[in-house]
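Student: Could you take me on a close look at the ligand and its surroundings? I would like one connected account.

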Amino acid sequence: MTHRQRIVVLGHGMVGHRFVQAACERGLTETYDIVVVGEEPRTAYDRVGLTSFFEKGADALALLVDDTYPDPRVRLMTGVEATDVDLAERTVALSDGESIGYDQLVLATGSAPFVPPVPGRDLEGCFVYRTIEDLERIREASREASTGVVIGGGLLGLEAANALVQLGLDTHVVEMAPRLMPAQLDDGGGTALLRHIEGLGLHVHTDARTEEVVGAEGRVRGLRLAEGEIEADVVVFSAGIRPRDQLARAAGLAVGERGGVVVDHQCRTEDEHVWAIGECAAPGGICYGLVAPGYTMAEVTVDAMLGGEGRFDEADMSTKLKLLDVDVASFGDAFATTPGALELVFADAVGGLYKKLVVADHPSGQGLRLLGGILVGDASAYGSLRPMVASDLALPENPEELILPAGRAVADVGLPDEAQVCSCNDVTKGAILAATDAGCEDAACVTRCTRAGSTCGTCKPLVKKIVEDHFAEQGKQVDRSLCEHFPLTRQELWDVVAVHGYTSFDEVVEAHGSGRGCDLCKPAVASILATQVGQHVLGRGRRTLQDTNDAYLANLQRNGSYSVVPRVPGGEITPEKLIAIGEVARDFGLYTKITGGQRIDMFGARMEQLPAIWRRLVDAGMESGQAYGKALRTVKSCVGQSWCRYGVQDSTSLAIELELRYRGLRSPHKVKAGVSGCARECAEARSKDFGVIATEKGWNLYVAGNGGYNPVHAQLLAQDLDKQTLISYIDRFLMYYCRTADRLQRTAPWVASLDGGLERVREVVVDDSLGLGSELEAAMARHVGDYVDEWQATLEDPEKLARFVSFVNAPDVPDANITFTQERDQTTPADSEGPVVIAAEISVGAPQ
Amino acid sequence: MSGEGEWVAVCGIDRIDPEGGVAALVHGEAVAVIRTYDDVVYALSNYDPFSHASVLARGIVGTRTLDGDEVPFVASPMHKQAFDLRTGQCLDDEAVSVPTYEVRVSEGQVLIGGRREAT
Ligand SMILES: Cc1cc2nc3c(=O)[nH]c(=O)nc-3n(C[C@H](O)[C@H](O)[C@H](O)COP(=O)(O)OP(=O)(O)OC[C@H]3O[C@@H](n4cnc5c(N)ncnc54)[C@H](O)[C@@H]3O)c2cc1C
């Protein structure tokens, strides 16, 4: 048979995309060509993450690289709607007039927001919240608006409300039911959520029925409720969704009572050539408004087309999400409808915490098993609780510990291999173990190979724990120790120094290490001592620990000479200092270059010249820029409000203040920072370890970005801060980094390595959930108080200065191995051909 | 080949930090003079054959365990290759080594002799 068959997929949303992906991966394209018809103007994107469109833009949401599938047998049409299906002819009519034949037809048309039939719903200013285009329109309308209303207080409604808040609108939520998220939460959970949401300044109206959208001149002016009126310029309907089953209806296929194309357990409709998957389908008569069941349907359908036996039975409707910064999770039998179900509740109304476990006697007669639960305010236990529901495992003896605030660690409960760990991608514990046995060395690799943790990320800590436990069981150590001399990680070393109060390398290595150290552990210990204890890096017992550059307080260059960088806080410098730098460079014959951090680098200094150069710079009022240290480098700034006609805050003053505050702070790696005076972001603060961007109301703080080899944008940690709060957050962030990062780990990989990532940082820095805040701030205050300029202190100490000689026995003879030539009127290093014999017949000085 | 007459006094041992080094000029050559924790003094060429720069005296001094033996080394400050202080052998590349020199400490003075023959 030479005839290739054709699958036509209607709808290129999340589930349609997953279908095509699975079809390519599992070899269905060996026998079939695939044509995908998508009505939206763009290819599939991550609708679950829709709201982040405002922050990251459309490209970040795209599910396809370059809008195409790597498999040439897939043809993708966008901006084209399927208008009719002819089951007898097996053809589909398209809005562009084309008609295409199929051997197999897959309906993946998703669902549409339900807009209740209230008068005024067509007025200008009324929106739904489903596509990127919807969000673009809402953003546009919000520019002129001040108040917004979301009709619907469910999961999607709150998500939309969050977006309106982000767009700067005073936001109302109108919900018909007596509580928020009525489908997922009970009254206790709804109350805890309400407290958080009202705390954020949103106005919530429950038990409220919308009677009319009020308008004037065709535009929305407000909303009339039974109990009164709300003024509003923007109205977003989020009152539920309806499956898009019209094509199937018109073709005569059966649909469910509440809509949705009826399919069997393999997702096949009544017509054996037609399938339906995702939100438009109703397997067993039920439509699912979540992506994970849709993904399973896509996989099952591919499997069925390959002749497999996969089934879609019923889906786990568990949800965990972060709504307006509040953790909410609801899973299993959350409403305790199972006969014999009991509830175990922990509620802290003041703290806005509500945690409920639904349990029942274990069928074995021994202990209890978990049926479901609700978590509001802290859902960290969700990742380990949800798999326990499916696994029928007996609960540990004191199940309340699973939800008490202290029990925040990932529970270690020995899940069976069949337990589903990642519900988004249906990955079991067994599959994770198989991936580790097949060669995965860490959790990140397991995520790449199995997709576990790649969608919502909730199960990541559990995946990591399973991988690590598995390695530990096999006696395989994931070796994170610093080097052969210390069986400790940098963080453990930090703790050891803090607990014992060590002040020298010798004490540390004698008590906790072996041998005499090396170029890995010595600088690490030096850095830890510098941050915890202070004292000069060239002090006795310290200087021999320092890495190359710190050892001479300058940056070693390729020919053995050094470069010198005085601090220019915030990039602001007086003409006098500029002249002084120019004169020093001229008099010592140094090459000068402007750095990316807004200062001036002078190259080509011989080691023995460094003190004289610094004498001049210090006399001119300058100090060390620590360009040589794993330390704060610069706080780059734009000129800000004082000059710029767009600036909204004084970015330069803030940058100077921050640079002077954190100067000299030794850290696991270099730290760069930036402050921009408005959203134009001229200081490129989002490519820094911490970046501050001015808003009309204060400062936004971004963390964990960097340029360089692997550029990463900094992420928003907190918004609209006043200066004092901003500084306390940066204090905490930097000290937490100094304490817990690995050696030579920049902030971005550090944050990525934390359990919970940025959320973890937010808990520690913003929420202060570990209660570490004041301790971290006190440590920073100590650093700030103890700061001295390293170069000035060196110039004042003959013992330190004695090291800055070319030869110990011929301090006046320059090392002839260091040579220079000229390029573009400046000095550059000359390449060395080999060691030279220094001809000068020198009087070998009597050694002191 | 180091006759008694070729010994050059370069400095007092106190000028060298334990686990630190100084550069000295000996017979026209730049020599890294390095003192270990147990006060043994070693001398090797200051010239790092990897980076072609005269810098070894400025490196970090430590120990590395090789075949159960604790080898004292200095790591080049340029790209961190380690050299055995006793033999000049590079511990990261067996094809590379640097010359070493005879050393003596007498009455608190460090004396450097001639280049040792390569072993
Ligand atoms: C704001 C928001 C937040 C969400 N958050 C979560 C969450 O946290 N967790 C979760 O599990 N789920 C969440 N969801 C739901 C999730 O996005 C959906 O379950 C998922 O997108 C369903 O995929 P689908 O392919 O079935 O439908 P869709 O993604 O809607 O795709 C259907 C596609 O078919 C196209 N189409 C329809 N009719 C035709 C036609 N006749 N011809 C051609 N093309 C057509 C549509 O334009 C659309 O592009 C959220 C949804 C929204 C809107």
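**The ligand and its shell**

Tutor: Happy to, and let's keep in mind that this is a predicted model. Chain B exposes about 5000 Å², of which carbon and sulfur atoms supply 47%, but your request takes us to the ligand. A good place to begin is its position: both domain 1 (5-111 + 243-305) and domain 2 (126-239) of chain A give residues to the shell around the ligand, so the ligand lies between these domains. In total, 27 residues surround the ligand, and the closest are Val15(A), Glu39(A), Glu40(A), Arg130(A) and Glu279(A). If you sort the shell by element, helix H1 (residues 14-25) of chain A gives the largest share, with three residues. If you sort the shell by chemistry instead, you find 12 nonpolar, eight polar and seven charged residues.

Now for the polar contacts. Glu40(A), one of the closest residues, uses its side chain: an N or O atom there is 2.5 Å from an oxygen atom of the ligand. With Ala82(A), the backbone takes part, as one of its N or O atoms lies 3.0 Å from a nitrogen atom of the ligand. Leu290(A) also contributes a backbone N or O atom, which lies 3.5 Å from an oxygen atom of the ligand. As for how much of the ligand is covered, on its own it has 1000 Å² of accessible area, and the protein covers 94% of that.

Definitions and conventions
Residues numbered from 1 in each chain as written. Chains lettered and ligands numbered in written order. Predicted model: local features only at pLDDT ≥ 70, side-chain atom pairs only at ≥ 80, totals over all residues. Heavy atoms only, no water. Areas by Shrake-Rupley, 256 points an atom, 1.4 Å probe, with all protein chains shown as cover. Near = heavy atom within 4 Å. Polar contact = N/O pair within 3.5 Å; in protein donor to acceptor, adjacent residues only side chain to side chain. Helix = DSSP H or I, 4+ residues; strand = E, 2+ residues; numbered from the N terminus. Nonpolar A, V, L, I, M, F, W, Y, C, P; charged D, E, K, R; others polar. Domains from an automatic or database assignment.
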